[in-house]
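Biologist: I'd like a close look at one part of this model, with the reasoning spelled out. Here it is.

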Amino acid sequence: MVLEMTRIVESATSLQSASKMKRLIKFLSTCLLVLPHLTLVHGDITDGNAEHLKREHSLIKPYQGIGTSPSSQWDFWGSTLVTSQYVRLTPDEKSKQGSIWNTVPCFQKDWEMHVQFKVHGSGKKNLHGDGIAIWYTKERLHPGPVFGNQDHFVGLALFLDTFRNDLHGMDRSFPYISAMVNNGTQPYDHGKDGRNSELGGCSAEIRNKDHDTYLAIRYSKGRLTVMVDVDDKNEWKECIDIGGVRLPTGYYFGASAATGDLSDHHDIISMKMYQLMVEHTTEEDSLDWTKIEPSVSLLKSPKDNIDDPTGNFRSTPLTGWKVFLLLLCALLGIVVCAVVGAVVFQKRQERNKRFY
Ligand SMILES: [Ca+2]
């Protein structure tokens, strides 16, 4: 389009003014190229801003009072061992299960959880397991078969699956990170490594690293974003980014891990929860967010959304794009006006020259 404009302008004006116009168009087209990046940067996951750290939902060294103090904001269960340097959910031993749970329900509508973890053990390639799960669920401290937590859970789970159970699923490498949202009706199928119920995922080398390994989970305006920082580059790499996710407030954060015939040390170093400063419409704010049922609209047919009184939430992930398109249209408008204006100005000048 910009090239087309350049051609039109070249034919309409003299060579000298065309070069000026080219510079103008080059500048404006640079603006157009830069604009999407500005919006992308805006949408990127943030690094933790200490101001917005919610201590009551965070697990930070040296984990004072955990499990022993009545005012403790974290409970633990099973094989979990709390030291001053790490919370070990399982040791590198067979058939262990452990978990740690925030005792304070989270009433933030938009949040970001940064988890520093460490998975390490003596098992050689493919001879280790099973992995860690990070939870945001209705219930807490319910041990079970899903990485040490109950099946048919209600809420969100992130699985850091280090052992490949499904030998047919050779198209992906392990460890594999995946997300699942459940309203309690779906089972987690270990035999398929949860593939039937996953919303998205990525492979990530997270085991036996000498450097720190991190995972970030952001939930804001119906969008779930998961980033990993496991390559010692101090930068987030996108793993999962999906819209149309609905999660209520009032659920609990937790982490669990399990070993089977194969094992690993599954350690949590920290869980830092940040409140995101996001504005909501009065309509959104007037709803009772604790009553929302966990769901993902992408997995439903459009028909299912019609009778949903809160279905309007689902369009919110598009807002960023709408804003971008509006800005793009505005900029294109400016470009067209500038080109037309310059052509008109040039023609007038030429007409004036003829009179002298
Ligand atoms: Ca598995």
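Is Tyr-63 buried or exposed, and what is its relative accessible area? Take me through that part, then on to whatever else helps to place it.

Modeller: Keep in mind that this is a predicted model. Tyr-63 has a relative accessible area of 4%, and the cut-off for buried is under 20%, so Tyr-63 counts as buried. Its backbone is worth a look too: phi sits near 55°, a positive value in a residue that isn't glycine. Tyr-63 belongs to the loop between α2 and β1. Pro-62 is in that loop as well, between α2 (15–43) and β1 (74–78), and the peptide bond joining Lys-61 and Pro-62 is cis, with omega about -5°.

Now for the space around it. Tyr-63 is one of the residues nearest the centre of the second largest pocket, along with Ser-58, Ile-60, Gln-64 and Gln-73. The lining comes to 15 residues in total, split into six nonpolar, seven polar and two charged. The pocket holds about 250 Å³ of space.

If you're collecting backbone oddities, here are two others. Asn-208 also has a positive phi, about 50°, without being a glycine; this one is in the loop between β9 and β10 (213–220). With a relative accessibility of 38%, Asn-208 is partly exposed, whereas Tyr-63 is buried. There is also a cis peptide bond between Gly-129 and Asp-130, again with omega about -5°, and Asp-130 is in the loop between β5 and β6 (131–137).

Loops also come up at the calcium ion. Its donors are Asp-161, which is listed twice through OD, then Phe-163 through its O, Asn-165 through OD1 and Asp-193 through OD, at 2.3 to 2.5 Å. Asn-165, in the loop between β7 (154–161) and β8 (176–183), and Asp-193, in the loop between β8 and β9 (200–203), are 28 residues apart, so the pair links distant parts of the chain. Asn-165 is partly exposed at 30%, while Asp-193 is buried at 4%.

For the wider setting, the protein has four helices and 16 strands, and buried residues make up 47% of its 356 residues. The largest nonpolar core has 48 residues, with Trp-111, Phe-117, Ile-134, Leu-215 and Ile-268 touching the most other members. Strand β5 (residues 111–120) gives the most to this core, five residues. Apart from it lies another core of 11 residues, including Trp-101 and Phe-147.

Note on methods
Residues numbered from 1 in each chain as written. Predicted model: local features only at pLDDT ≥ 70, side-chain atom pairs only at ≥ 80, totals over all residues. Heavy atoms only, no water. 1 Å grid on protein atoms, 1.4 Å probe; cavity = no way out; pocket = protein on both sides within 12 Å on 5 of 7 lines; lining within 4 Å. Points joined across faces, edges and corners; volume = space filled by probe spheres on them. Nonpolar A, V, L, I, M, F, W, Y, C, P; charged D, E, K, R; others polar. Core = buried A, V, L, I, M, F, W, Y, C linked by side-chain atoms within 4.5 Å. Buried < 20%, exposed > 50% of the residue type's maximum accessible area, 1.4 Å probe, protein only. Donors = N, O, S within 2.8 Å, 3.2 Å for Na, K, Ca; no water.
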